Amino acid sequence: MDRSGFMSMERVQAGLLSPRSAPPKEAAVGVSQGGESFEQILRQKNQLHLSKHAAMRLHQRGISLSEAQMQKLDRAASRAGDKGVSEGLVVMDGMAFIVHIPSKTIVTAVGSGQEAAVFTNIDGAVIV
């Protein structure tokens with residue numbers, strides 16, 4: 001440092017250009033402490049999932065969804081989102097699902113055994 005309290009440009013450049021040690025393993029870019037990559041976490045975030053309420057309704061109503069049906073629902077929700085839908089009704093295989101599109105969350109579900117159902121507060125529907 002000179003008399004004014006500032007470092008010379010040579011010292012600043014030397015500090016910026018000097019080799020540094022590698023970051024510790026747990027701080028490696030793109031990997032969380034749980035071992036998942038950013039891409040894996042992002043993919044999980046973008047997948048359709050069930051709310052606690054929907055999981056309870058599916059269980060109560062004896063509805064089970066296969067992986068293929070979940071993928072079909074996910075595609076339908078994406079199509080609804082592409083059209084600007086926020087709260088969507090997806091009708092598929094004799095079942096109906098209310099999906100909150102921005103969070104990709106299935107909010108509730110109605111099976112084919114239901115006699116009648118009224119859906120409110122939806123702004124779009126996809127029939128698959």
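Aspartate 93 is partly exposed, with a relative accessible area of 42%; here buried means under 20% relative accessible area, exposed over 50% and partly exposed in between, computed with a 1.4 Å probe on protein chains only. The model is predicted, so that local features need pLDDT of at least 70 and side-chain atom pairs count only at pLDDT 80 or more, while totals for chains, interfaces and linings use all residues. Residues are numbered from 1 along each chain as its sequence is written, and side-chain values use heavy atoms, with hydrogens and water left out.

Aspartate 93 lies in the loop between E2 and E3. Helices (H or I, at least four residues) and strands (E, at least two) are DSSP runs, numbered from the N terminus. E2 and E3 form a hairpin with two residues between them, and aspartate 93 in the turn has a positive phi of about 50°. This is a positive value in a residue other than glycine. The two strands of the hairpin, E2 and E3, pair in the antiparallel sense over six bridges, where pairing requires that DSSP finds at least two bridges between two strands. Within this pairing, the bridge partner of glycine 88 in E3 is valine 99.

The hairpin belongs to an open sheet of five strands in the order E1-E4-E3-E2-E5, with mixed pairing. Strand E1 (49-50) and strand E5 (124-127) stand at the edges and have a single partner strand each, so one side of each is left without a neighbour in the sheet. Strand E2 (residues 87-92) pairs with E5 in the parallel sense over four bridges. Opposite glycine 88 stands glycine 124 in E5, and opposite valine 90 stands valine 126 in E5.

Two helices pack on the sheet, as described next. Helix H3 (residues 52-60) touches E1, strand E3 (95-100) and strand E4 (105-110), and its direction makes about 25° with that of E4. Helix H4 (residues 67-82) touches E2, E3, E4 and E5, and its direction makes about 140° with that of E2. Axes are lines fitted to C-alpha atoms, for helices over the stretch in contact, and angles run from 0 to 180 degrees between N-to-C directions. Contact means heavy atoms within 4.5 Å.

In soluble globular proteins, nonpolar side chains tend to be buried together. The largest nonpolar core (a set of buried Ala, Val, Leu, Ile, Met, Phe, Trp, Tyr and Cys residues joined through side-chain atoms within 4.5 Å) has 19 residues; those with the most contacts inside it are Leu48, Leu73, Phe97, Val99, Ile101 and Ile106. The elements that give two or more residues to this core are H3, H4, E2, E3 and E4, and H4 gives the most, with five residues. Not counting residues up to four places away in sequence, phenylalanine 97 touches ten listed residues' worth of surroundings that include Leu58, Leu65, Leu73, Val90 and Ile106.Isoleucine 101 is found in the loop between E3 and E4. Isoleucine 101 is buried, with a relative accessible area of 11%. Leaving aside neighbours within four places in sequence, isoleucine 101 is in contact with Ala77, Ala80, Gly81, Val85, Ser86 and Gly88. Isoleucine 101 and aspartate 82 are 19 residues apart in sequence and 9.8 Å apart in space, C-alpha to C-alpha. Lysine 104 is also placed in the loop between E3 and E4 and counts as buried at 14% relative accessibility. Phi of lysine 104 is near 50°, a positive value in a residue other than glycine.
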